[in-house]
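Thanks for passing this one along. Here are my notes, in the order in which I would look at things on the screen.

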Amino acid sequence: MTLLSIDDYRLAFDGFEGTAHVLDGITLDVARGETLGIVGETGCGKSVLARSLLRLNPAPPARVVSGAIRFEGEDILAMPEAALRRLRGRRIAMVFQDPAAFLNPLLNIGTQMADVLQGQDSAGGARRRPAREVRARAAALLASVGLPEPERLLDARPHQLSGGMRQRVLIAMALAGEPSLLVADEPTTALDVTVQAQILALIAVLVAERGLTLMLISHDLGVIAASCARVAVMYAGTVVEDAPTATLLGTPRHPYTKGLLAALPDLDNPAHRPRGIPGSIPSLRQPPPGCRFHPRCPIATARCSVEKPLLREVGDAAPSEAALCDEINPMPRDLGRLASRDGKTAALHVGEEETASPRDLDSAALGGLETALPPQAPPPSHRVACHYA
Ligand SMILES: Nc1ncnc2c1ncn2[C@@H]1O[C@H](COP(=O)(O)OP(=O)(O)OP(=O)(O)O)[C@@H](O)[C@H]1O
Ligand code: SF4
Ligand SMILES: [Mg+2]
């Protein structure tokens, strides 16, 4: 059943130097219980898309040009403020990249969590809970994200916590409203690799235990492959490919996806030299006409610079033109291992990083991962926006 439906959504930012056409016709459905990764280069619009789900892009300068975003059938773009307040945190929650930027350094964790809990209660029209009850709920939330001694942590200030612990606090805050959809925008980018593995394991366990739908945003395909059953690849404000993770990694169709994979190192094959994608990301104020990727595409034709490719279904029976794209860039082999979305593979990946400091390590969560990951029926569709893929 579709939880979130984004339909031909276009968003622009108006500025003195012109209009930046940042999102250009995003069409994406997310089913309840799905784990969707969004991957793409810096500036391609991942965060703007995530913020759009909660209408958090400041308007102006943001301007919705067209389209609709529906959550459980309700159009978010048309929601009145009171409904938006109930949506934020209670139905869709977000975890951002930099925990330090979202925690007030002057207030202890307990006060900040109480603010969140009371804000959720008031948005939902619930009675104001006594302070003792709020504190107990905050401690329970901290415990649920694997933080030790939650009572003591409530009295700590953010600077007394490690980066991983701060990120866990933000995840606990995101869970406070018991949302259906968790949007995590680069939740591990600011963390070192061992803590990153723990946070990903924690998110996997929470998704499984709570039946959450997950939208995980990252520029790191490895992070997405370890955590998500499906991936949408974005380029310059458009979704260029959308497929089950194993399909995307095993048989990528879009030239940009192939370029992304070729840019990754192959640990099993030291002779493999990662290749960058030539050229640079285009200006969104004057995006290239036709296919936005055409100035960098190795197989572009004259058609590509005038005609925008539509995102269309491609099945197993590939059109013959697909061979044009398959000429380039074989996939680095080690990613195939991460791609198979069964519990064991994800646990193996996380297990490789298990040398973390015990303070941050949520061994219960890591141990439970193997059994906790739900078997996910991969969505049947594989969509590509390319005339020749
Ligand atoms: N408030 C704003 N005003 C004007 N332009 C903005 C605003 N927010 C984002 N943009 C522009 O929108 C584009 C997409 O930004 P966004 O932050 O979504 O990229 P991203 O894909 O999340 O990149 P990263 O991987 O670096 O986080 C960028 O060109 C950015 O400059
Ligand atoms: S439509 Fe396909 S072949 Fe043409 S430029 Fe875009 S990605 Fe390349
Ligand atoms: Mg971003």
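1. Strand β9 (residues 230-235) and β10 run antiparallel to each other, joined by 6 bridges. This is a predicted model, so please read every value below as computed from it. Within the pair, Met234 of β9 faces Val239 of β10. The two strands make a hairpin with 2 residues between them, and Ala236 in that turn has a positive phi of about 45°.

2. Strand β10 (residues 238-244) deserves a second look for its surroundings. How many of its 7 residues are buried? The count is 7 of 7, and the strand is mostly covered. β10 also pairs with β12, again antiparallel, through 2 bridges. There, Asp242 of β10 has Arg383 of β12 as its bridge partner.

3. Following the chain past β12 (383-385) brings you to Cys386, in the segment after that strand. Cys386 has 27 other C-beta atoms within 10 Å; the cut-off for a buried residue is 20 or more, so Cys386 counts as buried. What does it touch, leaving aside neighbours within four places in sequence? Its contacts are Arg253, His254, Pro255 and Pro309. His254 is a nice one to display: 132 residues separate it from Cys386 along the chain, yet their C-alpha atoms are 6.4 Å apart.

4. Now to the other sheet I would point out, which is open and has 4 strands in the order β2-β1-β4-β5, with antiparallel pairing. Strands β2 (18-31) and β5 (74-75) are at the edges; each has a single partner strand, so one side of each has no neighbour in the sheet.

5. Inside that sheet, β1 (residues 2-15) and β4 (residues 62-71) are antiparallel and share 8 bridges. Two places to check the register are Ala12, whose bridge partner in β4 is Arg63, and Leu4, which stands opposite Phe71 in β4.

6. Phe71 comes up again on the β5 side, where it stands opposite Glu74. β4 and β5 are antiparallel and connected by 2 bridges. They form a hairpin with 2 residues between them, and the turn includes Glu72, with a positive phi of about 45°.

7. Helix α5 (residues 131-144) agrees with the expected helical rise: at 1.5 Å a residue its 14 residues should span 20 Å, and its end C-alpha atoms are 20 Å apart. Which of its residues are buried? They are Ala138, Ala139, Leu141 and Leu142. Viewed down the axis of α5, the buried residues stay within an arc of 160°, so they line one face of the helix. An α-helix has 3.6 residues a turn, so residues three or four places apart point the same way.

8. The face of α5 turned away from this buried side carries Arg132, Glu133 and Ala140, which are exposed. Over the buried residues, the cover includes α4 (109-123), α6 (150-154) and α7 (163-175). Gly146, with a positive phi near 80°, follows the helix. Leu142 is worth selecting on its own: beyond four places in sequence, it touches Leu147, Pro150, Leu153, Val169 and Ala172.

9. Leu142 also leads into the largest nonpolar core, which has 102 residues. Leu142, Leu182, Val183, Ile203, Leu214, Met215 and Val233 touch the most other members. Helix α8 (residues 193-210) gives the largest share of this core, 11 residues. Where does the core lie relative to the domains? Domain 1 (33-46 + 181-389) and domain 2 (99-178) both contribute residues, so the core lies between them.

10. Last, helix α8 itself. From first to last C-alpha, its 18 residues reach 26 Å, close to the 26 Å expected at 1.5 Å a residue. Of these 18 residues, 13 are buried, so α8 is largely enclosed by the rest of the structure. The helix is followed by Gly211, whose phi is positive, near 65°.

Notes
Residues are numbered from 1 along each chain as its sequence is written. Chains are lettered from A and ligands numbered from 1 in the order in which they are written. This is a predicted model: local features need pLDDT of at least 70, side-chain atom pairs count only at pLDDT 80 or more; totals for chains, interfaces and linings use all residues. A nonpolar core is a set of buried Ala, Val, Leu, Ile, Met, Phe, Trp, Tyr and Cys residues joined through C-beta atoms within 7 Å. A residue is buried if 20 or more other C-beta atoms lie within 10 Å of its own, exposed if 12 or fewer, and partly exposed in between; C-beta atoms are placed from the backbone. Domain bounds come from an automatic or database domain assignment. Two residues are in contact if their C-beta atoms, placed from the backbone, lie within 7 Å. Two strands pair if DSSP finds at least two bridges between them. The expected span of a helix is 1.5 Å times one less than its number of residues. The arc is that of the directions from the helix axis to the C-beta atoms.
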